[in-house]
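Colleague: Please take a close look at one helix pair and the salt bridge between its members.

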Amino acid sequence: MTANGRPTAENILSSLGAAQQLTDLHNTPAPWEAPAPLGQRGELPSFPVHVLPAWVADHISAVAEETQTPLDLAGCVALAALSTAAGGRAVVNVRGSWVEPVNLFVLVAMPPGSRKSAVFRAMTTPLLHAESVLLSKVGPQITEAEVARRLAEDLAEKAARAASSARGEAATEAIVEAQSAALAVEGIKVPVKPRLIADDVTPETASTILVEQGGRLAVLSAEGGIFATLAGRYSGAPNLDLFLKGHAGDPLIVDRRGRSERVDQAVLTMGLAVQPEIVSDIATMPGFRGKGLLGRILYSLPKSNVGYRNVESPTVPDHIAARYDTNLQRLTIDMHAWDDPARLVLAPEAAEIFTEHRRTTERRLRPDSGDLGHITDWAGKFDGAVMRIAGLIHLAARVEDGWRHPITANTVNAAITIGQYFIAHALATFDAMGADPDLEAARTVHAWLHRTGTARFTVREAFTALPRNRFRKVGELETPLDLLEQLGWIRREPEPPRTGPGRRPSPAYAVHPSLHQHSA
């Protein structure tokens, strides 16, 4: 400053330089973080193990720690195990005539080497123990009935021979005796060996086993081969009937040689751990989505931690494993004899909470604004799945007498929490299947940018370059561009100041540099 207080030329230049620096700093774009993968809208939530009863939650956590696997894997298999124990033995009376069985179809997708088999063994071994206990109880009855039937068959055969050789008045009496002996054979029923689980099984064999077991069976496997079988690997034609009826608890008729057998409620549980590519494969299998199979499955896509695992992780404490084994066995054995399913009801407060939850779901189903509008085949069954999960949590919380008590508000809230987990994973799953048209449009733009190496573009340039049969109007690019921006693949540039009349300049976008090194 001069003596009279006026700024010098040096002061003016210095002030102008500082102002320019501030302007440059303001206009400098923020550093770009790595973009999120297409088809994954942010990081997927982890399985909310804390809402399950302690004996289940503690075992899930301990198994996940020992095997160094995500909680999702053990958590989803635990739900399938509870479904195996109670499926077909209990239903939830939701309201009026709305009744939900408590069986689930659960699928976890993880890459090879993720220790899926080890987790499956840890979570399902108590079911095999329960199966052995049930067999030991019925074993003597089976032996007794088999001996009695063989003796009756011998007597019936002798009576038949006598009737065939008898003549005159003696023939009539001999025929009556032969008929009585044959009826006696039919009256001796040999109990079926208890069977809870099937693995690599055809739909035809599974149907036979399910009928023999009174309409209840679980297909549990650390592989996804059952899908290829359902698609017709052996028969040459898709056979989804059992799995569609078995999820809903519908009647099933199995035709055998010379006779048909029927169960009024076929109840099937499915718990699978598959490789991620299976998720994409099943979307293209004939009838899987059109007939509703994909809409019946609860999906989980946990993030793999292979390469970051602790090689000296602690083992499952004995007391936690023993408590899980004891309680799951007890629930399985106690409910096995329930031919007429136990009917679980909602406490009044629980019913109010579920009603409000249903209102929220209904809004999310709207085709124009709801985030579930493009997967209504799945989301339309979501509220029923929440009730099924609530029934399983309730029975697990009261292993001894859950059927005597109503389902509480806390249990319904816990089931809703798990349901929200499955919604997030279902959206990611169906995105991977190409079910979301907005995502598919974003993939088309992404592929063009990657293929051409474009570093900057305007909306008008994109519309000109992209296939006209894909984008008929410029406005159709708005949603996919917004999605790509949300995921971090592109960034809209500030609109330049207008210098005169005329059409506004077409919006311009900068492209994330990593797009040219990685495909979606």
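Modeller: Here is the helix pair, followed by its salt bridge. This is a predicted model, where local features need pLDDT of at least 70, side-chain atom pairs count only at pLDDT 80 or more, and totals for chains, interfaces and linings use all residues. Residues are numbered from 1 along each chain as its sequence is written, and side-chain values use heavy atoms, with hydrogens and water left out.

The helices are α2 (residues 54–67) and α10 (residues 318–336). Helices are DSSP runs (H or I, at least four residues), numbered from the N terminus. The two axes come within 9 Å and cross at roughly 130 degrees. Axes are lines fitted to C-alpha atoms over the stretch in contact, and angles run from 0 to 180 degrees between N-to-C directions. α2 and α10 are therefore oblique to each other. Angles under 35 degrees count as roughly parallel, over 145 as roughly antiparallel, 65 to 115 as roughly perpendicular and the rest as oblique.

From α2, the contact uses A54, W55, V56, D58, H59 and A62. α10 supplies I320, A321, R323, Y324, N327 and L328. Contact means heavy atoms within 4.5 Å.

Within this pair, R323 forms a salt bridge with D58, the closest N and O atoms being 2.6 Å apart. R323 lies in α10 and D58 in α2, so the pair ties together parts 265 residues apart in sequence. A salt bridge is a side-chain nitrogen of Lys or Arg within 4 Å of a carboxyl oxygen of Asp or Glu. R323 is partly exposed, at 33% relative accessible area. D58 is also partly exposed, at 31%. Partly exposed lies between buried (under 20%) and exposed (over 50%), with a 1.4 Å probe and protein chains only.

Technical notes
Helix = DSSP H or I, 4+ residues; strand = E, 2+ residues; numbered from the N terminus.
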